[in-house]
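Welcome, and thanks for taking a look at this one with us. Here is a short tour, from the ligand site to the strands and then the cysteines.

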Amino acid sequence: MSNTQELIAEEKQYVLQTYKRPPFVLDHGEGVYLYDAEGKQYLDLTAGIAVNALGYGDKDVLATIEQQSHKLMHTSNLYYTAPMIRLAKSLCEKSFAKKVFFTNSGTEANEGAMKFARKWSRKNFNGEKCEFVSFSHSFHGRTFGSLALTAKEKYRAPFEPLLTPVRFAEFNDLDSVKAVIGDNTCAVMVEPIQGEGGINIATQDFLQGVRDLCDQHNAVLIFDEVQCGLSRTGKLWAHEWYGVTPDIMTLAKPLGGGLPIGAVLMTDQIASAMEPGDHGSTFAANATICAVAEVVFGKLSDPQFMQRVNTQGAYLREKLDALKAEFPILITDVRGRGLMWGIDVTVDSGQIVNKGYEHGLILVNAGEQTIRLVPPLIVDEKNIDEFADKFGTLLSEMSSDGAQV
Ligand code: PLP
């Protein structure tokens, strides 16, 4: 048995089987490439699901891990540490927010957001103002609160009953929001660009309309920018495309350069409802991770970096439009912003992801009919050309295989 086969057999034996992993073991990464244990190279269009914005092996990230870990790694949140304070300051200085709460993941950031909204509602109104509104195709995480606001039946059904009351409206349909929002609504949570749900872009009228409805009903507006935030779409915050500001925004994925961190950013008004002891986390705001996040945030928020994301995003769009024109039966739509793209396909997207591995492409889907492209934000034109060539070959093979459409 090869080392790869042995490891895969042990994974089946010892690791809880909640993922269907492809038959190779990833060993190392460099720039925008990953290498498996047999030495095969893959161009990464997934970035650890929109996490590795700076790719693999960013020198400043590595140096910061080394320096801060030697100095001080974990203290718990009982004590002041400089990296946490500096990171919170930078996030506030470059956003609408006045206060930050750190977490270890995206789902925990959303849990925090929900708790802060509830506390604010309870303090300023009453306990009955406790309902949440969420949307079709939304994804907010796997813990009970975030799961309750996640639309997909497949994720929810095995764990019901979930947190209530939650009311669902149709994404991009303002009338459906009007039908469920009311004076008992505590908060509305929405992704300005839905990731997992298929790269669905909120319309201007929808996002502005949701803001107005929240104001009308004194409901907290939460933007989940866990996936679309932090320059992924070519602006630092996805909501900047709309000029619509939330009361709370959640972040995670790319912030820690591959280390786990999430954040809840909020206005002073929301923050004023929280008191010491109301919420906490042992690991969050870890000094090493915050020091790394400071470096990552500095790079991602550099206007030149964002300009590059937009330039490469426009180039990727050209390539995707050309692929759609070449394969009109397999590809029905391409949409996205910056370096966050969805390709709607008429075949099972999982089949394309699996074929991608054979062609040295790391792809991920977003539902059964959409391929999601969320590459490291450092991709260049050459990488995009390589993707387009390989993806085109893959689609030709599928066409000549007579893929079911
Ligand atoms: N919110 C959004 C928009 C996400 O895309 C995700 C993860 O994919 C989450 C929340 C949950 O984040 P995590 O997996 O870090 O808990």
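## The ligand site

Let's begin with the shell around the ligand, keeping in mind that this is a predicted model. Helix α5, which spans residues 106-124, supplies the largest share of that shell, with three residues. The full set around the ligand is Ser 105, Gly 106, Thr 107, Asn 110, Phe 139, His 140, Gly 141, Glu 191, Asp 224, Val 226, Gln 227 and Lys 253. By character, the shell residues split into seven polar, three charged and two nonpolar.

Which atoms approach the ligand's oxygens? A polar side-chain atom of Gln 227 lies 2.7 Å from an oxygen atom of the ligand, and a backbone N or O atom of Thr 107 is found 2.8 Å from a ligand oxygen. Lys 253 also takes part, with a polar side-chain atom 3.1 Å from an oxygen atom of the ligand. On its own the ligand would expose 390 Å², and the protein buries 82% of that area.

## Strand β5 and its neighbours

Strand β5 covers residues 131-135, and five of its five residues are buried. In a regular strand, side chains point alternately to one face of the sheet and the other. In β5 both faces are covered: Glu 131, Val 133 and Phe 135 are buried on one side, and Phe 132 and Ser 134 are buried on the other.

Which strands pair with β5, and in what sense? Strand β6 (residues 166-169) runs parallel to β5 and is joined to it by four bridges. Strand β7 (residues 185-190) also pairs with β5 in the parallel sense, over three bridges. Phe 132 is a handy landmark for both pairings: Val 166 stands opposite it in β6, and Ala 187 stands opposite it in β7.

## A four-stranded antiparallel sheet

Further along, you will find an open sheet of four strands, ordered β13-β14-β17-β16 and paired in the antiparallel sense. Its edges are β13 (331-337) and β16 (364-365), each of which pairs on one side only.

Between strand β14 (residues 340-345) and strand β17 (residues 370-373), four bridges form an antiparallel pairing. To locate this pairing in the model, look for Asp 344, whose bridge partner in β17 is Thr 370.

## Cysteines without disulfides

How many disulfides does the structure hold? The count is zero. Cys 130 is in no disulfide, and the nearest cysteine sulfur, belonging to Cys 186, is 7.4 Å away. Cys 130 is also buried, because its relative accessible area of 18% falls under the 20% cut-off.

Why does Cys 228 form no bond with another cysteine? The closest cysteine sulfur is that of Cys 214, and at 16 Å from the sulfur of Cys 228 it is too far for a bond. Cys 228 has a relative accessibility of 1%, so it counts as buried.

## Ala 202

One last stop is Ala 202, placed in the loop between β9 (200-201) and α9 (204-216). Is this loop residue buried or exposed? Ala 202 is buried, with a relative accessible area of 3%.

Ala 202 can also be placed relative to the ligand site, since Gly 106 is one of the residues around the ligand. The two residues are 96 residues apart along the chain, and 20 Å separates the C-alpha atom of Ala 202 from that of Gly 106.

Note on methods
Residues numbered from 1 in each chain as written. Predicted model: local features only at pLDDT ≥ 70, side-chain atom pairs only at ≥ 80, totals over all residues. Heavy atoms only, no water. Near = heavy atom within 4 Å. Polar contact = N/O pair within 3.5 Å; in protein donor to acceptor, adjacent residues only side chain to side chain. Areas by Shrake-Rupley, 256 points an atom, 1.4 Å probe, with all protein chains shown as cover. Helix = DSSP H or I, 4+ residues; strand = E, 2+ residues; numbered from the N terminus. Nonpolar A, V, L, I, M, F, W, Y, C, P; charged D, E, K, R; others polar. Buried < 20%, exposed > 50% of the residue type's maximum accessible area, 1.4 Å probe, protein only. Pairing = 2+ DSSP bridges. Disulfide = S-S within 2.5 Å.
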